[in-house]
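Please walk through the charged side chains of this structure, following how they pair up and where the partners lie along the chain.

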Amino acid sequence: LALWEELKERTKEGKIRYWDFILADSYEKTARRAYLTSFLITYGYARLEVRPFEEEMYLMAVEEPSPPAESARTISIPIALSFEDWRRLRNAQKA
């Protein structure tokens with residue numbers, strides 16, 4: 001749950017862009033952070049806000065996790081991360 005603690009710390013003032021949160025110094029670490037973040041969302045430790053018209057996604061930590069009920073309707077949002085995407089994001093971050 002270290003990633004959840006990090007998310008709570010980084011979202012004290014509200015929310016954080018998804019890519020800003022998962023981006024790491026290597027492609028492998030970034031993919032791992034994305035994978036683990038998906039579990040935080042699935043199990044109610046975080047919320048994902050998708051703004052399709054702005055092509056942005058935001059993460060917010062949840063103080064008290066609440067897993068979705070079995071009867072709750074859930075959706076899955078695939079988020080692709082190619083090596084080229086990772087390199088472009090890293091270069092933009094460094095600029």
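E5 and K8 are three residues apart in helix 1 (residues 2-10), so about one helical turn separates them; helices here are DSSP runs of H or I with at least four residues, strands are runs of E with at least two, and both are numbered from the N terminus. This is a predicted model, in which local features need pLDDT of at least 70 and side-chain atom pairs count only at pLDDT 80 or more, while totals for chains, interfaces and linings use all residues. Residues are numbered from 1 along each chain as its sequence is written, and side-chain values use heavy atoms, with hydrogens and water left out.

The two helix residues form a salt bridge, the closest N and O atoms of E5 and K8 being 3.2 Å apart, where the term stands for a side-chain nitrogen of Lys or Arg within 4 Å of a carboxyl oxygen of Asp or Glu. The partners differ in their surroundings: E5 is partly exposed, with a relative accessible area of 43%, whereas K8 has a relative accessibility of 17% and counts as buried. For these words, buried means under 20% relative accessible area, exposed means over 50%, and partly exposed lies in between, with a 1.4 Å probe and protein chains only. Once its neighbours within four places in sequence are set aside, K8 is in contact with A61, V62 and E63, contact meaning heavy atoms within 4.5 Å.

A second salt bridge joins E49 to K15, and here the closest N and O atoms are 3.1 Å apart. This pair links distant parts of the chain, since E49 belongs to strand 2 (residues 46-51) and K15 to the loop between helix 1 and strand 1 (16-17), with their positions 34 residues apart in the numbering. E49 is partly exposed, at a relative accessible area of 22%, and K15 is also partly exposed, at 36% relative accessibility. Both residues take part in a network of salt bridges that links K15, E49, R51 and E54.

Another salt bridge connects E56 with R17, whose closest N and O atoms are 2.9 Å apart. It too links distant parts of the chain, with E56 in strand 3 (residues 56-61) and R17 in strand 1, 39 residues apart. R17 counts as partly exposed, having 29% relative accessibility.

How many salt bridges does a search of the whole structure find? The search finds eleven, and among them are the pairs E5 with K8, E49 with K15 and E56 with R17.
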